[in-house]
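Me: Could you take a close look at one part of this model for me, the place where the helices pack against one another? I'd love one connected walk-through, from the arrangement of the helices down to single side chains.

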Amino acid sequence: MLAVHFAGCFYFLLAASYPEEKDEKTWIGSALPDFRNKSPWVCYIYAMYWSITTLTSVGYGDLHAQNSSEMVFEIFYMFFNLGLTAYLIGNMTNLVVHVTSRTRRFVRYRSFFLLVHEVAKSITSAMTIKV
């Protein structure tokens, strides 16, 4: 959420620092023509909408870059999002692999225990079916 907040605020700062006579050439100026006179909360909602939509890779048609500085920022933000997504998927994959290896190790130890303690085959097969 912190990345979403900072990216949205920085993206709004890019638009607000653009010359006032060219407001329609900014991402928020094209969607909200008089954004400089609107409530800060309205502008914040627009910025958070843009940031979350970009972060979740849903895409958008209503809010997009209108000038080169906004385009450059969007490129870097999308690369950040790409890295974040790859990191999260990698960690989830690692968790699945770790759980799978622990399950295999458990089955191996159980088989060894049953063999060493000469447990009856009927009990062994019943345990195998339930596990």
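## Where the helices meet

Reply: H1 and H4 are roughly antiparallel to each other. Happy to take you through it, and please keep in mind that this is a predicted model. The axes of H1 and H4 cross at roughly 170° and come within 10 Å. Since angles over 145 degrees count as roughly antiparallel, that description of H1 and H4 follows. On the H1 side, the contact is made by Ala3, Val4, Ala7, Phe10, Tyr11, Leu14 and Ala15, and on the H4 side by Ser69, Glu70, Phe73, Glu74, Tyr77 and Phe80. Sorted by class, this contact of H1 with H4 has ten nonpolar, one polar and two charged residues.

A step back helps to place this pair. The protein holds five helices and zero strands, so its pattern along the sequence reads α-α-α-α-α. H1 covers residues 2-16 and H3 covers residues 40-55, while H4 spans residues 68-116. Of the 131 residues, 23% count as buried. Among contacts with a separation of 6 or more, 50% come from residues 24 or more positions apart.

Now bring in H3, which meets both of the helices above. Its axis and that of H1 come within 8 Å and cross at roughly 120°. That angle makes H1 oblique to H3, and the crossing is right-handed. H1 contributes Ala3, Val4, His5, Ala7, Gly8, Cys9, Tyr11 and Phe12 to this contact, and H3 contributes Cys43, Tyr44, Ala47, Met48, Trp50, Ser51, Ile52 and Leu55. By class, the contact of H1 with H3 has 13 nonpolar, three polar and no charged residues.

H3 also packs on H4, at an angle of about 50° and with the axes 9 Å apart. H3 is therefore oblique to H4. Here Trp50, Ser51, Thr54 and Leu55 of H3 meet Phe73, Glu74, Tyr77, Met78, Asn81 and Leu84 of H4. The residues of this contact divide into six nonpolar, three polar and one charged.

Which rings are linked into a cluster by ring pairs? They are Phe10, Tyr11, Trp50, Phe73, Tyr77 and Phe80. The structure holds nine aromatic pairs, one of them formed by Trp50 and Phe73. A pair of aromatic rings is described by the distance of the centres and the angle of the planes. For Trp50 and Phe73 these are 5.9 Å centre to centre and 35° between the planes, a tilted pair. Because Trp50 lies in helix H3 and Phe73 in helix H4, the pair ties together parts that are 23 residues apart in sequence. Both Trp50 and Phe73 are buried.

Tyr11 is another member of that ring cluster, and it sits in helix H1. Is Tyr11 buried or exposed? With a relative accessible area of 0%, Tyr11 is buried, as buried means under 20%. Apart from neighbours within four places in sequence, Tyr11 is in contact with Trp27, Trp50, His64, Ala65, Glu70, Phe73 and Glu74. The C-alpha atoms of Tyr11 and Tyr77 lie 9.9 Å apart in space, although the two are 66 residues apart in sequence.

Leu55, in helix H3, makes a useful companion to Tyr11. Leu55 counts as partly exposed, at 23% relative accessibility. Setting aside its neighbours within four places in sequence, Leu55 is in contact with Val4, Tyr77, Asn81 and Leu84. Between the C-alpha atoms of Leu55 and Met78 the separation is 7.3 Å, with their positions 23 residues apart along the chain.

One last stop is the loop between helix H2 (27-31) and H3, where Leu32 lies. Leu32 has a relative accessible area of 10% and is buried. Beyond residues up to four places away in sequence, Leu32 touches Lys38, Val42 and Tyr46. The C-alpha atoms of Leu32 and Val42 are separated by 9.6 Å, and the two residues are ten apart along the chain.

Conventions: Residues are numbered from 1 along each chain as its sequence is written. This is a predicted model: local features need pLDDT of at least 70, side-chain atom pairs count only at pLDDT 80 or more; totals for chains, interfaces and linings use all residues. Side-chain values use heavy atoms; hydrogens and water are left out. Axes are lines fitted to C-alpha atoms, for helices over the stretch in contact, and angles run from 0 to 180 degrees between N-to-C directions. Helices (H or I, at least four residues) and strands (E, at least two) are DSSP runs, numbered from the N terminus. Angles under 35 degrees count as roughly parallel, over 145 as roughly antiparallel, 65 to 115 as roughly perpendicular and the rest as oblique. A crossing is left-handed if the near helix is turned anticlockwise from the far one by less than a right angle, and right-handed if clockwise. Contact means heavy atoms within 4.5 Å. Ala, Val, Leu, Ile, Met, Phe, Trp, Tyr, Cys and Pro count as nonpolar, Asp, Glu, Lys and Arg as charged, and the others, Gly among them, as polar. Rings of Phe, Tyr and Trp (its six-membered ring) pair if their centres lie within 6.5 Å; planes under 30 degrees apart count as stacked, over 60 as edge-to-face and the rest as tilted. Buried means under 20% relative accessible area, exposed over 50%, partly exposed in between (1.4 Å probe, protein chains only).
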